[in-house]
Amino acid sequence: MAAIEARGITKRFDGGGGAAVDGIDLASTDGEFLVLLGPSGCGKTTLLRMIGGLEPPTAGDILIGGRVVTDLPPRARHIAMVFQSYALYPHMTVFNNIAFPLQAAKLPKETQKQKVGWASGILGIDHLLDRKPRQLSGGQRQRVALARALVREPNVFLLDEPLSNLDAQRRASARDELQQFQRRVGTTTLYVTHDQVEAMGMGDRIAVMDQGRIRQVGTPLEIYDDPADTFVATFLGSPPMNLIPDGASGLLFGFRPEHFVPASDATGDDAVRFPFHVHRTEYLGAERLLYGAVGETRTIARFPANADLPIHVGATSEFAVRRRDLKRFDRETGLRRDQIRGIG
Amino acid sequence: MSTSAQVVPVAAGVDRRRYWLDREGVLGPLLLLPTVVYIIALVGFPLVLAVLYSVSDATVGDQSLDFVGLRNFRAAIGDGTFRVALRNTVAFTLVSQLIVMLLANLLALVLSADFHGKRLVRFLVMLPWTTPVALGVLGWLWTLDNVYSPIDYAFRQMGLLGPSIGPLRVDNPVSDVVRWLGLGSVFGTGSNVLWLAQPALAQLSVLLVHVWRTLPLATVILLAGLTAIPQDVKDAANVDGAGFFRQLFYIRIPLLLPIMAVAFLYGIVFTFTDMTIPFILTNRGGPVDSTQVLASWAFIKGIEGGSLGEGAAVAIFLFPVMAGVAALMLRLARRTETS
Ligand SMILES: Nc1ncnc2c1ncn2[C@@H]1O[C@H](COP(=O)(O)OP(=O)(O)O)[C@@H](O)[C@H]1O
Ligand SMILES: [Mg+2]
């Protein structure tokens, strides 16, 4: 096992305008589950492929276990990768798929058998070993891909949106299994996703990426409670953080919808008040959303569905946010202007 | 007096006829019609005619069909030239296509890599396929000419061909090296190889031209097959620690096999039925019928010799192989459809 580190890593594709990955510094700790989160096209896959050695970086270095591997081919890096498509070998049985890395390492046949048995046992696919990939369901394919990654006990797991091909129900349980599995084997894992729920639920830490840059690295709690800029603030959370321009300070005030409550409920004098004009309410089973505006700015408030609210659509009432739930951002750069805990 | 009473339902009456082409029961047969007519007129009818001719005594002069049983087939098989033609057809087809498969794999592998001038090289590789067969074969006829062959000229200049003593001996640095290697005059001491005048060399020449002609198509088919292998699968093999040869033999070639079969079958169709190459290159299957093939022999017997019945009987021997190839192709197509 080993930590992963990227130092000033940059990738420019031929002909493409800007950099797909733009000078990223990122380091995992040994055994960590680190999630790379960002919108589609922000460069997550490119960064992962550079770490895996499938794409040569334009500049910068990759380190695995403290060793510079930038110029080493993938097979010299002792990593395992799970692709979004799973990339199983379609003409081979499940057994041969899982054994392929072992065959490439020229291990004796007996050892291969033993290790395939071990890996397929952990993932609960020992009864599928004679099948071909096309005879498997999406979830089973994903496990085969994981078993193939696990079998040669790599230094590092690299996973590129491995759950995106599963249906919603299957995804929730796979998320759980995958995280438990990683805890058990304890291998440093870099997990790419564009799904904030996956990121929040699975990661020891999350690195939020946008347009080829890392915006913030921190625990799920830090990222959610203390976003480093307006991008992170609005990318995480559903609905996203409200951002309201403040005339007096020239800053943007940011607060989560669940922290936006009627002024009568915000006791004490540490609350900041806003007049909230409600356009529409929405019931979502467990919670209720109020859509409206503060001044000209669209704003959303969130309550438990059973909350007793003296609110009328079309009316304006006093709402408030506790001072410690209020974040301040620069209107030009979008960066935080007050104290934050998670560091970018 | 309400206007709504005069509104006619949209689908009723006149309007409906405007959409008759949208009905599958009408459009389907209509679109199929040209294909059906084409197949009946240009495939079905000639095939039936050939079978009828082969069991009749029809000649170019007298096309009345008098049934003679299997007489034409017995005559054909009893003929020594027919047996040579049959053997040649099978041998030319199999040997040339095996060579083509080997070369096409190598070429496709090279051409799928990234290098400067790749487009130009691909274009050049395709050229033999785009040239009309007869024109291409004429080019080879000159290249392999018994007197003026440029290949012979090159051999002579290298000292590989021609006398090693006397006034006609060629001396230059290259020929010195060749002679020092003990390869002086390996292709004979005469001034020409006589490619098309000796049976074995003439057969080799026909084979060579078959390879030259079908290699481009096979290469392009395999190239398409190579690009169809998902990048992820190749990446996975890379990450899994497979080197070049392991990737080649365990990933690429196995995944390419179905498409290789397609290329192979196409090649078989083109070489098995070809008569242009022996007809032009070796002047109708010469020397002394040593490069005769079924298609050319059927033409010589049936059309030039005027014996339609015997010619048809010879041509019928092409049928089982073609039918087998067609069946295999359909099976491959169905397999790729369902997988
Ligand atoms: N092989 C390539 N050639 C050119 N541009 C590419 C290539 N791969 C990715 N890109 C570009 O790089 C950017 C980042 O892509 P990618 O890393 O796949 O994003 P993500 O995985 O976050 O969705 C995109 O703008 C994409 O168009
Ligand atoms: Mg991606």
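**Close-up views of a predicted two-chain model**

**View 1. Leu194(B) sits in a loop of chain B.** The loop runs between α8 (173–180) and α9 (199–227) of chain B. This is a predicted model. Leu194(B) has a relative accessible area of 34%. That value makes Leu194(B) partly exposed, because this class lies between buried, under 20%, and exposed, over 50%.

**View 2. Leu194(B) touches residues from elsewhere in chain B.** Leaving aside residues up to four places away in sequence, Leu194(B) touches Asn146(B), Asp152(B) and Leu201(B). Leu141(B) gives a sense of scale. In sequence, Leu194(B) and Leu141(B) are 53 residues apart. In space, they are 12 Å apart, C-alpha to C-alpha.

**View 3. Chain A meets chain B.** On the chain A side, 21 residues are in contact with 16 residues of chain B. The area buried between the two chains is about 1,700 Å². Carbon and sulfur atoms give 64% of that area. In chain A, the residues that lose the most area to chain B are Arg75(A), His91(A) and Phe100(A). Together they account for 29% of what that side buries.

**View 4. Arg148(A) and Asp240(B) form a salt bridge across the interface.** Their side chains meet at 3.5 Å, N to O. Between chain A and chain B, the count is 2 salt bridges. The interface also has 8 residue pairs in polar contact, with both residues at pLDDT 80 or more.

**View 5. β6 (79–82) and α2 (94–104) of chain A help build the side that touches chain B.** Each supplies at least two residues. The largest share, 4 residues, comes from α2(A). By class, this side of chain A has 14 nonpolar, 3 polar and 4 charged residues.

Conventions
Residues are numbered from 1 along each chain as its sequence is written. Chains are lettered from A and ligands numbered from 1 in the order in which they are written. This is a predicted model: local features need pLDDT of at least 70, side-chain atom pairs count only at pLDDT 80 or more; totals for chains, interfaces and linings use all residues. Side-chain values use heavy atoms; hydrogens and water are left out. Contact means heavy atoms within 4.5 Å. Buried area is the accessible area (1.4 Å probe) that two parts lose on being put together, summed over both. A salt bridge is a side-chain nitrogen of Lys or Arg within 4 Å of a carboxyl oxygen of Asp or Glu. A polar contact is a pair of N or O atoms within 3.5 Å; within protein, one must be able to donate a hydrogen and the other to accept it, and residues adjacent in sequence count only if both atoms are side-chain atoms. Ala, Val, Leu, Ile, Met, Phe, Trp, Tyr, Cys and Pro count as nonpolar, Asp, Glu, Lys and Arg as charged, and the others, Gly among them, as polar. Buried means under 20% relative accessible area, exposed over 50%, partly exposed in between (1.4 Å probe, protein chains only).
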